[in-house]
Amino acid sequence: MRDGDFDEQFYILLCNTKGKRRERGIPRAYLSFGEKSTPINVIAGTLLVPSRGKQDLSKSLTHGQKFLLKSVESEGVEVECQAPDLKRLSLEEFKLLLPIPSCQDKLNVFLDGDGRNGWLKEGVELQIEDAVKVKLKGHSEDVLGVIRYKGPLPKESDFSVNFKGTHFGVELLYNPGEGTTDGKRGGVQLFECPADSGIFVTLNKIRRKNSAVTMATAGYGSAQGASLYPPTPPMQRSLKSAPIPECSLKINDRVVWISDTGPEHGVVKWIGYLPDSRRKEITVGVEFDYPVGSGTGKYKDTRLFYAKQNHASLVPILGLMKKEEFDSPAHVPPNINDTADLEAAEQQSLLDYHRKQHLVEQVFPADEIVRNMPTPHTPQRTMQCDSPNPLYQFTHSDRGIQNCGSSQSISRLPEPASSVDWPLKPPSMTEKPDPDPDLVVGSLVEVLGNPTVYGVIRWIGTVPDQKDPQKKIAGLEMEEEISAGTDGTFKNIRLFQCPMGRAFFVPLYKCRKDKRFVEQQRASEMTDSLTFGSLETPDIKDEVAPPSALDDVSFSKLCGKYRGIQGHHNSCYLDATLFAMFYFTTVFDSIFYRPRKEDDLPEYEEVQRVLKEGIVNPLRKNYYVRADKVMKLRSLLDKLSSVRGLLSEEKDPEEFLNSLLSQIMQADPFLKLRSGSDLSESYYYQLFMEQDDNLKLPTTQQLFELSFLQSDIKLAEAPSCLILQMPRFGKSYKMFKRIVPSLELDITDVLENAPRDCVICGDIAAFECKDCYKLHNTNLNTFCETCNHTNHKHCSRVNHKPKRIKVNEDFKNNYARLQQEGHEAIEMPRQKMELFAIVCIETSHYVSFVKAGNRWVFFDSMADRKGGEIGYNIPEVVEVRDLPKWLSQGGKKDIDSLHDDKDLPEPIRRLVCDAYMCIYQSPDIMRFK
């Protein structure tokens, strides 16, 4: 960013206030801040610069005057401020705050500290090679890193935002593979680090690490063997809740773990109880000499100790022995020289197995336990039997027990990592259990281990070079990144797509349904499975944004069967409307965040939770919602609103909207309508108009203007969302055979006090005439003083009754001033909204078309059915190609040329013949409401 990109004075807004949007086409110097302008909410944390050039406001602000400033983030937004409302920033402080996306985060950074050692001051002082703590997604605690770059970022594409200002390039020292870059951005190498071990962040994501551990180099050791890792952090309180009995091991002891390939040596880094251990067994955190582990010393979200990548493992204390004991020649295993001794050992082994298996089954069924011991990466090594493991007299394997004499050796295997959490297997058990037949792509599963890990099945099949092709492999997208994870590739072959580090491939039989979400009684589960199918959709409590649909890979995830909302018992009216309202837009999300008020229903928060966590979040994250979640919402709506029959009867979208938004949630209405001196509010607008035979193929733009003109209604303010109900009554009667939804809706001509131009000369309009609408068929036929007089002299228009337009007086005065100064071609500002969803109806069945990024999809909650009359519906989402082309001016001509509806492509026929409700949004106003 060049210093000249902005004015030399920079300010941050400290309180919420009102602003206005600068009118387009009129120089800023000629506009005053009129009170009659439509206000816009400008929130605290907004960055501002002087609106009228490089003038010094510091002295004027201190004298209590008001001055006009403009927002840096939102083009054309201006606000009047006094000194208490602002704080001035230096250029460097401004650059640090600029790329932070949230105004609240900007304000938090600015207000932190006392100005001498606060967050913003800290950001100014941070330099390359400084150690920092980083807020990393998926981690409850900050991770350690070192600054490798500080400065602006190159613009990567036309979709890049906030690339100006000061960013930090940080190398993650102890979390390699969990970053997003190797130091390259936009084709420019800004710093160097291992692949996916760096991250670019803004100031609100880092804080200075106040310690001597600067980690100037990211090596894994030194010539003297001294570790560069920081000391083991203090254990969490939950890890110290129970006293640890006296044991033979202590921190930094050298230990040996007997693996399938021989002894593995390491160092004790941590001793304690795991926070979620069902049985209080002492667990030891070991950093091994070779990469036989699977992490760096972190258990779930808790950091227990630090170790090199893939060298850490958590092992029950019974599975370890001290190195000096292992090396001592005094311990010799017993000889088993005859068949009787071998049979006795075999029998004792089976007894031990069944005794331990009984303990396991008290916690988990046997077929739900999965062994997940990390596989050593070191070569096979031969083990001599001249020193025993004092913890084992002998062990068994799938190959059986061998005599440990002069000619035979015992195969010493590790004890499972936990006698509860790991499976125990008798020597003769070689068959693998069959996988759960209910597990399909999309199932939420857990893979039991130490610890248990969770994910969703994204792929099922066989992998290259698989020895047993009959055994299915599951490709999982894990909840959290794992050290051995990929992005959905297996041996460089892409099997599915997911974020880097989240893909994990395991045999399908090792997966079971996620126990966290299967807490209902089995009878209830069987009923739901028969009624709705086995693909469950658990609640999700986190904040979930709408899915991205900008690239082919992301878009492909959104389409197909078992996508969208599953229909059940005449729910299509609700399914199609919910899909349109929440899948790809956040314009309706405000209803999730309003706190409960005294006059709200007692079940208000329950409705919020069911809608957000049970329907919207799973839809956005997993792309599918099972019908039982929608039935919970329908039950609440039926119970709490005046609309009856919502559980089973056919209803219309407006009944659902009235029930949810008006009666239960008491949301703020989207529309404020002015009729004369009366002001009314509404959530949607029904298009009413007189029958007009000249409108053969109208657009929603034409019907919208005509309805407002004939009803003598104006919009009191520009809405953030506009729901238009088409001119049809009931499920059969339609005023127009076809209606073409306008991709862009210009609301300027129905907006109260909005300046408009004369349709004849282009001057500022003073009159509008609804009687002239049929003659001109563009806009609402607005005229200036002169053209209005001339136009209505004609004998065919002499009896028309034009109506004077109310225009903001400040705007009229400024416009006249510009004309006197010789300005030409003054452009009138236009207020437009974009179409993002269409709900259609045909033979009592509702479906919807929804905009996904730059594409459109068609959704049907009952597209297919499984199991006949006693089965369940299968929803489907498919792409609708060329929809914008069909809704363009050229496409309208093609539609008009096809007189028989059957000649139209199927999705386009449903779109233009069966449109029931069109939903528009204003992205500019959404930012401030």
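A crossing of two helices is called left-handed if the near helix is turned anticlockwise from the far one by less than a right angle, and right-handed if it is turned clockwise. Keep that in mind for two of the views below, all of which come from a predicted model.

**Figure 1. The whole chain, before we zoom in.** This predicted model has 929 residues, and 50% of them count as buried. Along the chain you can find 20 helices and 47 strands. Of the contacts between residues with a separation of 6 or more, 65% join residues that are 24 or more positions apart. The chain exposes about 45000 Å², with carbon and sulfur atoms supplying 49% of that area.

**Figure 2. Helices α11 and α12 cross.** A general point helps here: two packed helices are described by the angle between their axes and the distance between the axes. Helix α11 spans residues 627-640 and helix α12 spans residues 653-664; their axes come within 10 Å and cross at roughly 65°. That angle makes α11 roughly perpendicular to α12. Now for the definition at the top: α11 passes α12 in a left-handed crossing. Which residues meet here? From α11 come L636, L637 and L640, and from α12 come F656, S659, L660 and I664.

**Figure 3. Helix α12 has another partner, α9.** Helix α9 covers residues 572-582, and its axis comes within 9 Å of the axis of α12, with a crossing of roughly 65°. The two helices, α9 and α12, are therefore roughly perpendicular to each other. Is this crossing left-handed or right-handed? The crossing of α9 and α12 is right-handed. On the α9 side, the contact is made by Y573, L574, T577, L578 and M581, while P653, F656 and L657 take part from α12. Look out for F656, which serves in this contact and also meets α11.

**Figure 4. An open sheet with β13 and β14 at its edges.** Strands of a sheet pair through backbone hydrogen bonds, either parallel or antiparallel. Here five strands form an open sheet with antiparallel pairing, in the order β13-β10-β9-β8-β14. Why is one side of β13 and of β14 left without a neighbour in the sheet? Strands β13 (198-201) and β14 (206-208) stand at the edges, each with a single partner strand, so one side of each has no neighbour in the sheet. From one strand to the next, the twist averages 40°. Inside the sheet, β8 (residues 131-134) and β9 (residues 143-151) are antiparallel partners joined by four bridges. To find one of these pairs, start at K133, whose bridge partner in β9 is L144.

**Figure 5. An open sheet with β27 and β28 at its edges.** This open sheet has five strands in the order β27-β24-β23-β22-β28, and the pairing is antiparallel. Strands β27 (503-507) and β28 (512-513) each have a single partner strand, so one side of each lacks a neighbour in the sheet. Follow β24 (residues 473-478) and you will see five bridges linking this strand to β27 in the antiparallel sense. A handy landmark is E477, whose bridge partner in β27 is A503.

**Figure 6. Strand β46 pairs with β29 and with β45.** Strand β46 takes in residues 872-879 and runs antiparallel to β29 (residues 560-561), with two bridges joining them. Within that pair, K561 has E876 of β46 as its bridge partner. Strand β45 (residues 855-866) also pairs with β46 in the antiparallel sense, this time over seven bridges. Here V857 stands opposite E879 in β46.

**Figure 7. Three residues in loops.** Most residues other than glycine have a negative phi. Y623 is not a glycine, yet its phi is positive, about 70°. You can find Y623 in the loop between α10 (604-622) and β31 (624-625). Is Y623 buried or exposed? With a relative accessibility of 11%, Y623 counts as buried, because buried means under 20%. D712, also a residue other than glycine, has a positive phi near 55°. This residue, D712, belongs to the loop between α13 (700-711) and β35 (714-715), and at 40% relative accessibility D712 counts as partly exposed. Our last stop is R830, in the loop between α16 (809-820) and β43 (832-842). R830 is partly exposed, with a relative accessible area of 23%. Although R830 and A754 are 76 residues apart along the chain, their C-alpha atoms are separated by 8.7 Å.

Technical notes:
Residues numbered from 1 in each chain as written. Predicted model: local features only at pLDDT ≥ 70, side-chain atom pairs only at ≥ 80, totals over all residues. Heavy atoms only, no water. Buried < 20%, exposed > 50% of the residue type's maximum accessible area, 1.4 Å probe, protein only. Contact = heavy atoms within 4.5 Å. Areas by Shrake-Rupley, 256 points an atom, 1.4 Å probe, with all protein chains shown as cover. Pairing = 2+ DSSP bridges. Axes fitted to C-alpha atoms, helices over the stretch in contact; angles between N-to-C directions. Parallel < 35°, antiparallel > 145°, perpendicular 65-115°, else oblique.
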